[in-house]
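Dear colleague,

I am passing on the structure we talked about, together with some notes on it. Please have the sequence and the coordinates open while you read.

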Amino acid sequence: MKAFAPGLWRRLLSIIYEFLILVAVLFIASFVFHLVFRDTGSLFFRPAFQLYLLVVAGIYFTWFWTHGGQTLPMQTWKLRVIRADGGQLFLKQALARYLFAVIGFFFFGCGILWALFDRDGLFLHDRLAGTRIVRIGNEVK
């Protein structure tokens, strides 16, 4: 099976769907955190809570990327994240991709906008982590 490069719109729609799923995951994680740490007025509550959510999101993404290369929205849009050489991501690569993506999103989405200027249409976090997103499901014989 040959994998094709997906268009930017397909990847952006997958990101929107991913955001909705991630909100649900973080909502449940927040509920658990608030059950355990009830003192919301503590000086350390907010930074600990934000770090916790960042870690939960990181675990969500890296687990799916290293176990099949697809989150639920990626499965829906027939996308898969792979290494530049076509193999499955290693944990170190998945973590790097996640951290680069977080940084890119927080800098006004410049990691996503990068795809408009990249010669291969890659997001900045894919370029830096040595990964790429491919479209699957079209078999070429």
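Is Lys78 buried, partly exposed or exposed? This is a predicted model, and in it Lys78 has a relative accessible area of 44%, so the residue counts as partly exposed. I start with Lys78 since its backbone also deserves a look: its phi is positive, near 55°, in a residue other than glycine, and the residue sits in the loop that joins α3 (72-76) to β1. As a general point, most residues other than glycine have a negative phi. A second residue of this kind is Phe108, which is not a glycine either and has a positive phi of about 60°. Phe108 comes after α4 and belongs to the loop between α4 and α5; with a relative accessible area of 77%, which is over the 50% cut-off, Phe108 is exposed.

For the overall picture, the protein chain contains 6 helices and 2 strands, and read along the sequence these follow the pattern α-α-α-β-α-α-α-β. The C-alpha trace spans about 60 × 25 × 25 Å along its principal axes. Of the 141 residues, 37% are buried, and among contacts with a separation of 6 or more, 64% are between residues 24 or more positions apart.

The helix packing begins with α1 (residues 8-36) and α2, whose axes are 10 Å apart and whose packing angle is about 130°. That angle makes α1 oblique to α2, and the crossing in which α1 passes α2 is right-handed. On the α1 side the contact includes Ile21, Leu22, Val25 and Phe33, and on the α2 side it includes Phe45, Phe49, Tyr52 and Val56. Sorted by type, the residues of this contact divide into 16 nonpolar, 2 polar and 1 charged.

Helix α2 also meets α4: the axes of these two helices come within 9 Å and cross at roughly 135°, and α2 and α4 are therefore oblique to each other. Here, too, the crossing is right-handed. In α2 the residues involved are Leu54, Ala57, Gly58, Phe61, Thr62, Trp65 and Thr66, and they meet Leu91, Ala94, Leu95, Arg97, Tyr98 and Val102 in α4. The contact of α2 with α4 divides into 9 nonpolar, 3 polar and 1 charged residues. Ala57 and Phe61 of α2 take part in the contact with α1 and also in the contact with α4.

What, then, should the 16 residues of helix α4 span at 1.5 Å a residue? The expected value for α4 (residues 91-106) is 22 Å, and because its end C-alpha atoms are 23 Å apart, the model agrees with that expectation. Within α4, the buried residues are Gln93, Ala94, Arg97, Tyr98, Ala101, Val102 and Gly104. The buried residues of α4 pack against α2 (45-66), as described above, and also against β1 (79-83), α5 (110-113), α6 (124-129) and β2 (131-135). Ala94, Arg97, Tyr98 and Val102 are thus named twice, being buried in α4 and in contact with α2.

With best regards

Key:
Residues are numbered from 1 along each chain as its sequence is written. This is a predicted model: local features need pLDDT of at least 70, side-chain atom pairs count only at pLDDT 80 or more; totals for chains, interfaces and linings use all residues. Side-chain values use heavy atoms; hydrogens and water are left out. Helices (H or I, at least four residues) and strands (E, at least two) are DSSP runs, numbered from the N terminus. The expected span of a helix is 1.5 Å times one less than its number of residues. Buried means under 20% relative accessible area, exposed over 50%, partly exposed in between (1.4 Å probe, protein chains only). Contact means heavy atoms within 4.5 Å. Axes are lines fitted to C-alpha atoms, for helices over the stretch in contact, and angles run from 0 to 180 degrees between N-to-C directions. Angles under 35 degrees count as roughly parallel, over 145 as roughly antiparallel, 65 to 115 as roughly perpendicular and the rest as oblique. A crossing is left-handed if the near helix is turned anticlockwise from the far one by less than a right angle, and right-handed if clockwise. Ala, Val, Leu, Ile, Met, Phe, Trp, Tyr, Cys and Pro count as nonpolar, Asp, Glu, Lys and Arg as charged, and the others, Gly among them, as polar.
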